[in-house]
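Biologist: Please take one part of this structure and go through it closely. I would like a single helix and whatever surrounds it.

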Amino acid sequence: MILSKSCRPLQHATKLLRRCLPADRLKNSSRSIQFNYYPNPVLEDAGETKEMNMCNAINNAMHQCLEKDETAVLFGEDIEFGGVFRCSVGMKDRFGQHRVFNTPLCEQGIVGFGIGLANIGVTAIAEIQFADYIFPAFDQLVNEAAKCRYRSGGEWDCGKLTVRAPCGAVGHGGLYHSQSPEAYFAHTPGLRVVIPRGPVQAKGLLLSCIEEPDPCIFFEPKILYRTASEPVPLQYYKLPLDTADIVREGDAITLIGWGTQVHVLLETADMVRDELGALCEVIDLRSILPWDSDSVCQSVKKTGRAIVSHEAPLTNGFGAEVAATIQEECFLHLEAPVGRVTGWDTPFPHIQEPFYLPDKLRCFEAVKKTLNY
Amino acid sequence: MFTLISKKYCFVKKLLKLPITFSRLHAEGFSMENSIDKIPFVGKHQFTQLPVYRILNSSKMDHVTIDKLQFHEDLLVDIYKTMLSLSVMDTILYECQRQGRISFYMTNIGEEAVQIGSAAALLPDDLVYAQYRESGVLLWRGLDYTFFVNQCFGNKSDKSKGRQMPVHYGCKSLNFVTISSPLGTQLPQAVGAAYGLKNHHKDQCVTCYFGEGAASEGDAHAALNFAAVLECPILLICRNNGYAISTPASQQYKGHGIAVRGPAYGIRTIRVDGNDALAMYQVTKEARQYVVREKKPVLIEAITYRIGHHSTSDDSTAYRKFGDIADYSRNCPIVRLKKFLCDSMIWDDKKEQEWLIKSRNHIINAICFAEIEEKPLLKDLFSDVYYTWPRNLTTMIRISQSEIEVNILLFVQVLEL
């Protein structure tokens, strides 16, 4: 009797929640996926391809990198047994423990160690287990890695450092397994920040990051590791770091995103086409820093409207930079204010994730509002 | 109910008897034979203070002769001359700052032996990561006064193109990694570089200098642990000079200095008299041999005293007694080594005067040139951020140039003021 009484408020809340939540959202509330994956069109001159998910593609890229570059090493927490996301499977056995190794559990140590390796010309691929845990290494990345070349007048650098970190929402990651910290690093001259949207992009962009003579942070949207699958070229190839990718052409509005959000925007574009009969141009920024403002502004000059969308919170998110630049460069071409559809200005919640993410419904509403402005 | 409990109990007992439960404890030396049935908390008193290795003892100088020590005379004179040069440079550049000719300076007074004694025991190929009070290492490696002076004045001959504050030296050709202000950051970097050298089967090592204050940073913990676990050929040299700006070592740690931390990380460690150039040299030399041979780290804690102010932005009499400074000055590394060299008849006051005058003339010349030398190009404000020029920077350099051209007269006025 006492028990049931104390449970009553909880039952009431659950009933309320049930009523508020659309049925399809509640169904998979423990592992909800907020998007449909849009495979990459097969690259020209791709040669032989193999169906891979993003985890396999990253693994394949790192195998090829260590094979091609004898100095290259891979290290981080739990790398040796294949990594908690299985990205380094088979690497220790193939290349030896001196090249693929576990480090003590200490992020500032991992990045500092990587800078030192890169200082003497070793290709260093460091893994931070989750982007949420990159902050202990913030000092090493922002004060050290980013400024190494500049402060020494080009005498020393750590350009051979690449830091990989899984980022973004995963359905149930809560506060510390879901964050998208790209905007923190986008404020740091000297760093490159890159985010792929799928396996083909991940392999090509990662290989570019590793070869690029600047320190790179490569954020891998972890929800894509297994959900995104497509034919990936088996050859060693690179994708450019200084250009955005126009994933779909359109004339009514430009939608700008990166990582998983590109797929949300593609789905939004489909909805807009079906329900409003308008064609959206969808741009994957790919590189957050330095970013390709030329491609974005060119597109907005054509469409006259723009929405930028990301999972990270609104205030000071990278969308603010994109929106401000569009406003400055395309002022006479704009038919409506530049919209931003982003995560809320809150920490990333656990149970409330479906309401936090800027999903296709929220993006669709924003597009509709912008088109009707 | 009772049977249920006893069954569970039996199961637990069985589990406890499984050899696998203790295999890890055995492997790491935490064996059953070692266990006791009392609760023995371990305190500071159980770690006896590490002794300080010393050759030049001011009270027992008579017992030490140059023949006994098997030091090469020329080496000792070179070490002494470099220590003297460093103090001349410090005195004059400190005055330059007081006169407003340079914006900032940090002296090395009292710590000449730590720097030059250790640097003399390294090979030129050994990579050095420093904090900021290690100019003596660069002097020992052969840099001329002009290098230091150009950096402090930030003119166009400065390798860092005038971008960093004074004293933030770096020199690729002498394997000295450019200094940065954030404390402790160089430590894990040095460990990474050491790992890289080991992987290339090179008989080189890395030396990383840091103060006892910086040893409190998280990066120092990272470095000591990484160096031990990943077996990196690195010499970690801590300059324990008693102060981190105004904070005395007693407010920095509660253990017996920095050295006692070494064994806890599994690192071979020694404490040395940092005011004794000979001890510093010998210890570094032996440590280097071990590091290169075994590919493992060594921690050296050099006990010294910061005789000068922390920097030109600091007046250290605000937090310590002038008497202390005077005591240490009377027994500073230069005085101690000079006495030994004079007793050994390989140095005298005449030689000293000649060397001092020569050094002073050199540095004053260097300053005269550095002051009239042109400043770096405006373009260098924007270069080296990336390997190539990203679009945003090419746009910015264009805008900045046009802005400056428009306001050129105003800029000249502002700069001249």
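Modeller: Gly304(A), just after helix α12(A), takes a positive phi of about 80 degrees. This is a predicted model, in which local features need pLDDT of at least 70, side-chain atom pairs count only at pLDDT 80 or more, and totals for chains, interfaces and linings use all residues. Residues are numbered from 1 along each chain as its sequence is written, chains are lettered from A and ligands numbered from 1 in the order in which they are written, and side-chain values use heavy atoms, with hydrogens and water left out.

The helix α12 of chain A covers residues 293-303; helices (H or I, at least four residues) and strands (E, at least two) are DSSP runs, numbered from the N terminus. Its buried residues are Ser295(A), Val296(A), Cys297(A), Ser299(A), Val300(A) and Thr303(A), where buried means under 20% relative accessible area with a 1.4 Å probe, protein chains only. An α-helix has 3.6 residues a turn, so residues three or four places apart point the same way. The cover over the buried residues of α12(A) includes β10 (253-257), β11 (280-284), β13 (306-313) and α13 (318-329) of chain A.

Strands β10(A) and β11(A) pair in the parallel sense over 5 bridges; two strands pair if DSSP finds at least two bridges between them. Within this pairing, Leu255(A) stands opposite Val282(A) in β11(A). The helix α12(A) packs on the sheet, touching β10, β11 and β13 of chain A (contact: heavy atoms within 4.5 Å). The direction of α12(A) makes about 175 degrees with that of β11(A); axes are lines fitted to C-alpha atoms, for helices over the stretch in contact, and angles run from 0 to 180 degrees between N-to-C directions.

Conventions
Buried < 20%, exposed > 50% of the residue type's maximum accessible area, 1.4 Å probe, protein only.
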